[in-house]
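Dear colleague,

Please find below the structure that I would like to hand over to you. My findings follow after it.

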Amino acid sequence: MARKKIIGYVCVAFMGVIASEAFSITGEEALAKFRARMESISTMRGTISWTDESGFMYTGNFKYMAPNKIYVKFISPSGKIIAANGRKLYVYNASTNICGIQDLGGGGSGGISALVSGYMAIAFGGPSGYTIKLSSNEKHYTNITLVTDGNFLLKKAILKTKTGGGTTISLSGIIIGEGISPGIFDFNVPPGAQVVNNPLNIR
């Protein structure tokens, strides 16, 4: 009886090793799947939250359309809007009635795929979700941690600089593939707003 139990434990352990190996993935493979998943999205909407280096948290409802179009209406702090149509970035603050306009040069930033290129990657996880850790001493963000669901859709990104500062971004309530009017990304500056063109530190 004891021998049967031992054999049973060995079999369970062996199957666990096989399952672990079946779901293992290299950092390069995980990063490639992540980039492919994010680049496959034509439209997306949901809630975005991020914490800046000072620890201040921003939360807003966003809409995205490929390539490089985004519209964020802030919930907290309220009264702010970020809009980008691929050519220009608008940051409007209703409380000050100031609108910063940043020229994107016609092509946008390249999105998340451009942000994570050029890093060494390691990954772990399985069908329920993955964590991808990126590192590079040559980048502004020397360490990036990406948390995804089982289909490599981004749930959270933690970006750290060499000095330890950084930003944390979280996405929730995501809906993909819903029809979105392209016109929403062409922000109309409110009449009487003070316009600041190409500021050095647009917020």
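The notes below deal with the nonpolar cores and then with three paired strands.

Please bear in mind that this is a predicted model.

In soluble globular proteins, nonpolar side chains tend to be buried together. In this model the largest nonpolar core has 33 residues. Within this core, the residues that touch the most other members are Phe34, Ile132, Leu134 and Leu146. The element giving the most to the core is helix α2 (residues 27–39), with four residues. There is also a second, separate core of twelve residues, and Met65, Tyr71, Ile81 and Cys99 are among them.

Leu134 deserves a look of its own. If its neighbours within four places in sequence are set aside, Leu134 is in contact with residues including Leu31, Val116, Tyr119, Met120 and Ala121. Further contacts of Leu134 include Thr142, Asn143, Ile144 and Leu146.

Turning to the strands, β2 (residues 57–65) and β3 (residues 69–76) run antiparallel and are joined by seven bridges. One of the residues to find here is Thr59, whose bridge partner in β3 is Ser76. The hairpin of β2 and β3 has three residues between the strands, and Asn68 in this hairpin takes a positive phi near 65°.

Strand β3 also pairs with strand β4 (residues 80–84), in the antiparallel sense, over four bridges. In this pairing, Tyr71 stands opposite Ala83 in β4; Tyr71 is also one of the residues of the second core. β3 and β4 likewise form a hairpin with three residues between them, and Gly79 in the turn has a positive phi of about 95°.

Yours sincerely

How values were computed: Residues are numbered from 1 along each chain as its sequence is written. This is a predicted model: local features need pLDDT of at least 70, side-chain atom pairs count only at pLDDT 80 or more; totals for chains, interfaces and linings use all residues. Side-chain values use heavy atoms; hydrogens and water are left out. A nonpolar core is a set of buried Ala, Val, Leu, Ile, Met, Phe, Trp, Tyr and Cys residues joined through side-chain atoms within 4.5 Å. Buried means under 20% relative accessible area, exposed over 50%, partly exposed in between (1.4 Å probe, protein chains only). Helices (H or I, at least four residues) and strands (E, at least two) are DSSP runs, numbered from the N terminus. Contact means heavy atoms within 4.5 Å. Two strands pair if DSSP finds at least two bridges between them.
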